[in-house]
Amino acid sequence: IVFILILGYGKVFAQFGVQVSYIAPDGSNVYIFKPAVGTELKYMTGSLDTSSRVRFGFSIGYYRMNPTQDTFPASKVVNNKLWPGYDVIKNYSVVPIGVGIEYHPFEGSLAPYVGMDFDFFLINFSYHSYIETQYDDDLTETDWAVSAIPKIGITYQAGKNWLLSAGVGYSLQ
């Protein structure tokens, strides 16, 4: 509906783009997953030039995380006996759906910005879990998470039709 309303407005003040992001796991995930690169399709309000001080954005993307090793050791205690086993991560993918806001305090072809993104993540993972004499299962699960991501960055208007942007953010999940 929003897209149709924007098209009916007459003159569109927005851009569509592709965002390439580098994801570096932290906490205990740093031992399980390697850093990864993912992509997002973005829609940003405001005109292409940097005269729009406040811009809102909407995005949807895809990230695939790879494990740091092929097999992870596991174990389970049953009736005071330790049973050895392992887990194998087959797939771990994330689809972020987000909204965000950016504030550009200065005008010009090269301008800094500050902003905040809010993301809803759909997480799909499948793995094989084995514990000797207990179970040998292939499992697929879907989970979700939400996050707020404060960010800072810089934009550069390269010609009339290109706006390049680079920034960093930290997920407050």
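Q: Buried means under 20% relative accessible area, exposed over 50%, and partly exposed in between (1.4 Å probe, protein chains only). What percentage of the 173 residues in the protein is buried?
A: This is a predicted model, in which local features need pLDDT of at least 70 and side-chain atom pairs count only at pLDDT 80 or more, while totals for chains, interfaces and linings use all residues. Residues are numbered from 1 along each chain as its sequence is written, and side-chain values use heavy atoms, with hydrogens and water left out. Of the 173 residues in the protein, the buried share is 34%.

Q: How many strands are there in the protein?
A: Helices (H or I, at least four residues) and strands (E, at least two) are DSSP runs, numbered from the N terminus. Along the sequence they follow the pattern α-β-β-β-β-β-β-β-β. Beside one helix, the number of strands is eight.

Q: What percentage of the exposed area of the protein do carbon and sulfur atoms supply?
A: Accessible areas come from the Shrake-Rupley method with a 1.4 Å probe, and for residues only the protein chains shown count as cover. The protein exposes about 11300 Å², and the part from carbon and sulfur atoms is 63%.

Q: Among contacts between residues at least 6 apart in sequence, what percentage joins residues at least 24 apart?
A: A contact means heavy atoms within 4.5 Å. Among contacts in the protein that span at least 6 places in sequence, those joining residues at least 24 apart make up 58%.

Q: Which residue of S5 stands opposite Ser-59?
A: Two strands pair if DSSP finds at least two bridges between them. Strand S3 (residues 54–64) pairs with strand S5 (residues 81–103) in the antiparallel sense over nine bridges. In S5, the residue facing Ser-59 is Gly-98.

Q: Which residue takes a positive phi in the hairpin of S4 and S5?
A: Strand S4 (residues 72–78) runs antiparallel to S5, and seven bridges join the two. One of these bridges sets Phe-72 against Asp-87 in S5. The hairpin has two residues between the strands, and the residue with a positive phi near 50° is Asn-79.

Q: How many bridges join S5 to strand S6?
A: Glu-102 stands opposite Gly-115 in S6. S5 and S6 form a hairpin with six residues between them, and Gly-108 in the turn has a positive phi of about 135°. Strand S6 (residues 110–131) is antiparallel to S5, and the number of bridges between them is 18.

Q: Which residues do ring pairs link into a cluster?
A: Rings of Phe, Tyr and Trp (its six-membered ring) pair if their centres lie within 6.5 Å, with planes under 30 degrees apart counted as stacked, over 60 as edge-to-face and the rest as tilted. By this rule there are seven aromatic pairs. The cluster that ring pairs form consists of Phe-33, Tyr-92, Phe-125 and Tyr-127.

Q: Which element gives the most residues to the largest nonpolar core?
A: A nonpolar core is a set of buried Ala, Val, Leu, Ile, Met, Phe, Trp, Tyr and Cys residues joined through side-chain atoms within 4.5 Å. The largest one has 13 residues, of which Tyr-92, Val-94 and Ile-123 touch the most other members. The elements that give two or more residues to this core are S5 and S6. With four residues, the element that gives the most is S6.

Q: In which loop does Glu-107 lie?
A: A salt bridge is a side-chain nitrogen of Lys or Arg within 4 Å of a carboxyl oxygen of Asp or Glu. Glu-107, exposed at 52% relative accessibility, forms one with Arg-53 (3.8 Å, N to O). Arg-53 lies in the loop between strand S2 (36–45) and S3, so the pair ties together parts 54 residues apart in sequence, Glu-107 being in the loop between S5 and S6.

Q: Which residues are linked with Lys-151 in a network of salt bridges?
A: Lys-151 meets Glu-102 in a salt bridge at 3.2 Å, N to O; Lys-151 lies in strand S7 (residues 135–157) and Glu-102 in strand S5, so this pair ties together parts 49 residues apart in sequence. Lys-151 also forms a salt bridge with Asp-117, the closest N and O atoms being 3.3 Å apart, and this pair links strands S7 and S6 over 34 residues. Lys-151 is buried at 12% relative accessible area, and Glu-102 is buried at 7%. The residues that share the network with Lys-151 are Glu-102 and Asp-117.
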